[in-house]
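Visitor: Could you take me on a close look at a single part of this model? I would like to start from one side-chain contact and then see what lies around it.

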Amino acid sequence: MDSPQSPNTQHLAGGSAIPVSLMKRGEYGTVNKVSGKTDIRRFLEGLGFVPGAMVRIVKSDLSGHILEVKGSRIALDSSMATKIMVDQ
């Protein structure tokens, strides 16, 4: 049985995945996919947004998003946050 925080949990593409930019403060999700051009994907993956990683929304408003991933808080604008797809 997989725990909800297991970094090795496999997810299918599609289904209930939503952009992290649509999540609300305090919600958790598991990264399903990172989209965008190669340099953007590598940048986000280097910050810890890799498939299976747990993400928590610390703050989300018009100015951007503060996300917690792998023990770090990361600030992203909405255009970057829409490239991170998560399962809730």
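Guide: Happily! Let us begin where the side chain of Asp87 makes a polar contact with the side chain of Asn32, at 3.1 Å. A polar contact here is a pair of N or O atoms within 3.5 Å; within protein, one must be able to donate a hydrogen and the other to accept it, and residues adjacent in sequence count only if both atoms are side-chain atoms.

A word on the model before we go on. It is a predicted one, in which local features need pLDDT of at least 70 and side-chain atom pairs count only at pLDDT 80 or more, while totals for chains, interfaces and linings use all residues. Residues are numbered from 1 along each chain as its sequence is written, and side-chain values use heavy atoms, with hydrogens and water left out.

Back to Asp87, which is found in strand 6 (residues 84-87). Helices (H or I, at least four residues) and strands (E, at least two) are DSSP runs, numbered from the N terminus. With a relative accessibility of 10%, Asp87 counts as buried; that word means under 20% relative accessible area, with exposed over 50% and partly exposed in between (1.4 Å probe, protein chains only). Asp87 also lies 8.9 Å from Pro19, C-alpha to C-alpha, although 68 residues separate the two in sequence.

On the other side of our contact, Asn32 has Gly52 at 6.5 Å, C-alpha to C-alpha, and these two are 20 residues apart in sequence. Gly52 sits in the loop between helix 1 (38-46) and strand 3, and is buried at 3% relative accessible area.

Now for the sheet. Its 6 strands form an open sheet in the order 1-6-2-3-4-5, with antiparallel pairing. Strand 1 and strand 5 (72-76) stand at the edges with a single partner strand each, so one side of each is left without a neighbour in the sheet. Two strands pair if DSSP finds at least two bridges between them; strand 3 (residues 54-61) and strand 4 (residues 64-69) are joined by 6. One of the bridge pairs is Asp61 with Gly64 in strand 4.

Salt bridges come next, and the structure holds 3 of them. The term means a side-chain nitrogen of Lys or Arg within 4 Å of a carboxyl oxygen of Asp or Glu. Glu68 and Arg56 meet in one of these, at 2.8 Å from N to O. That pair links distant parts of the chain, with Glu68 in strand 4 and Arg56 in strand 3, 12 residues apart. Glu68 also meets Arg73, at 3.8 Å from N to O, and Arg56, Glu68 and Arg73 are thus linked in a network of salt bridges. Glu68 is partly exposed at 25%, whereas Arg73 is exposed at 56%. Lys59 forms a salt bridge with Asp61, the closest N and O atoms being 3.4 Å apart; Lys59 is partly exposed at 41%, and Asp61 is partly exposed at 33%.

One loop also deserves a stop: Ser21 lies between strand 1 (18-19) and strand 2 (28-34). Ser21 is buried at 15%, and touches Ser60, His65, Ser78, Ala81 and Thr82, not counting residues up to four places away in sequence. Contact means heavy atoms within 4.5 Å.

Finally, pLDDT is the predictor's confidence in each residue, from 0 to 100. The mean for the protein chain is 87, and 83% of its residues reach 70 or more. Over residues 1-14, though, pLDDT stays under 50. Where pLDDT is low, the predicted coordinates should not be read in detail.
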